[in-house]
Amino acid sequence: MKKTILILIIYGMAVCYNSYSQESVNKKMGVNLELGYGLKINSNQSNATQLLVSPFYNFNQFLALGIGAGVMLHTETEPRLSIPIFIHGTYKMDRYKTLNPFFNLKIGYGLGSGNSAYLMTDFDEDTSYSVHTDHNAGLFISPAIGVNYKVSEKRSISLSVSYELLKIKNESTVSSHGNPDIVIPQFPDENSTISFRIGYQF
C-alpha cells in the first residue's frame, strides 16, 4: 500500500517536472503551497500545524486535479507527526476574474506513527501492569472553501477554511504481574480540526 502511494507520488512529480520544461500559453500545470493551523473540534483531540504541497493540472477553466503531500504536526496526541499523501481536486467558480471562489477536496492516507506507555503499581497487593500503545495514522480527508486572488498572470494567493479528518489506529499490549484490575487507557480514533489556510499558487 505505502509503496504504491510513493510510486504514484514520484510519477506525479516526474510528470510535473516534464510539463514545466515546456511552455504552455494556458499554464496547464501549477503548484499550490498552503500553510495552515487547525483548531481541534473535541477536547481529547489536538490542534495541528499544516504545510501542504499540491501540484495540479488544469483540465479546463473550472477544474484542476493533482497529487500532493504534506506535513501535519499535532501537539497533544499521537502520532505527533503525520505525512498525508493525497489526490486532490479544485473547482473554481470563474478562473478569469481577479477574485475566484473555489472548493477543494483532498483524499488520501496519512503516514506516521507514535507510541505511549502507561504503568500502574499496587504495592499493597504486590501487583502491577503496563500498557504500551502504538498509534498509526490512516485515512485523511480534507474539504475546503476559499477565495483565490490573482497577483499576476501566473501567480496568486488564497485564503481558505477547511476541515481535516485523520483516522488513527490504536493497538495496545498489556504486560502484568499478579492479578491486577487492568484499565486500558482510551485514545481517540481520529483527529478532527477546523483550519485556516493561506496559499501561494504558481
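A residue is called buried here if its relative accessible area is under 20%, exposed if over 50%, and partly exposed in between (1.4 Å probe, protein chains only). By that rule R197 is buried, with a relative accessible area of 3%.

This is a predicted model, in which local features need pLDDT of at least 70 and side-chain atom pairs count only at pLDDT 80 or more, while totals for chains, interfaces and linings use all residues. Residues are numbered from 1 along each chain as its sequence is written, and side-chain values use heavy atoms, with hydrogens and water left out.

**Overall make-up**

The protein chain contains 1 helix and 9 strands; helices (H or I, at least four residues) and strands (E, at least two) are DSSP runs, numbered from the N terminus. Along the sequence the order is α-β-β-β-β-β-β-β-β-β. Of the 202 residues in the protein chain, 38% are buried. The chain exposes about 12,000 Å², of which carbon and sulfur atoms supply 62%; these areas come from the Shrake-Rupley method with a 1.4 Å probe, and for residues only the protein chains shown count as cover. A contact means heavy atoms within 4.5 Å. Among contacts with a separation of 6 or more, 64% are between residues 24 or more positions apart.

**Confidence**

The predictor's confidence in each residue is given as pLDDT, from 0 to 100. The protein chain averages 84, and 84% of the residues score at least 70. Confidence is lowest in helix α1 (residues 2-20), with a mean of 52, and highest in strand β1 (residues 29-40), at 96. Over residues 19-26 the pLDDT is below 50, and this stretch has 6 contacts in the model beyond near neighbours in sequence. Where pLDDT is low, the predicted coordinates should not be read in detail.

**Salt bridges**

A salt bridge is a side-chain nitrogen of Lys or Arg within 4 Å of a carboxyl oxygen of Asp or Glu. The count by this rule is 7. Three of them are listed below.

| Pair | Closest N to O |
|---|---|
| E34 and K106 | 3.1 Å |
| E34 and R197 | 3.7 Å |
| K169 and E171 | 3.3 Å |

The E34 and K106 pair links distant parts of the chain, with E34 in strand β1, K106 in strand β5 (residues 99-111), and their positions 72 residues apart. Both of these residues are buried. The link from E34 to R197 joins strand β1 to strand β9 (residues 190-201), 163 residues apart. E34 has a relative accessible area of 6%, so it counts as buried. E34, K106 and R197 also belong, together with E164, to a network of salt bridges. In the pair of K169 and E171, K169 counts as exposed because its relative accessibility is 51%, whereas E171, at 41%, counts as partly exposed.

**Strand β3 and its partners**

Two strands pair if DSSP finds at least two bridges between them. Strand β2 (residues 48-58) runs antiparallel to β3 and is joined to it by 8 bridges. V53 has A69 in β3 as its bridge partner. A hairpin connects β2 to β3 through 4 residues. On to strand β4 (residues 81-92), β3 has 9 bridges, again antiparallel. G66 stands opposite H88 in β4, and the hairpin of β3 and β4 has 6 residues between the strands.

In a regular strand the side chains alternate between the two faces of the sheet. Strand β3 (residues 63-74) has a covered face made of A64, G66, G68, G70, M72 and H74. Its uncovered face holds L63, L65, I67, A69, V71 and L73.
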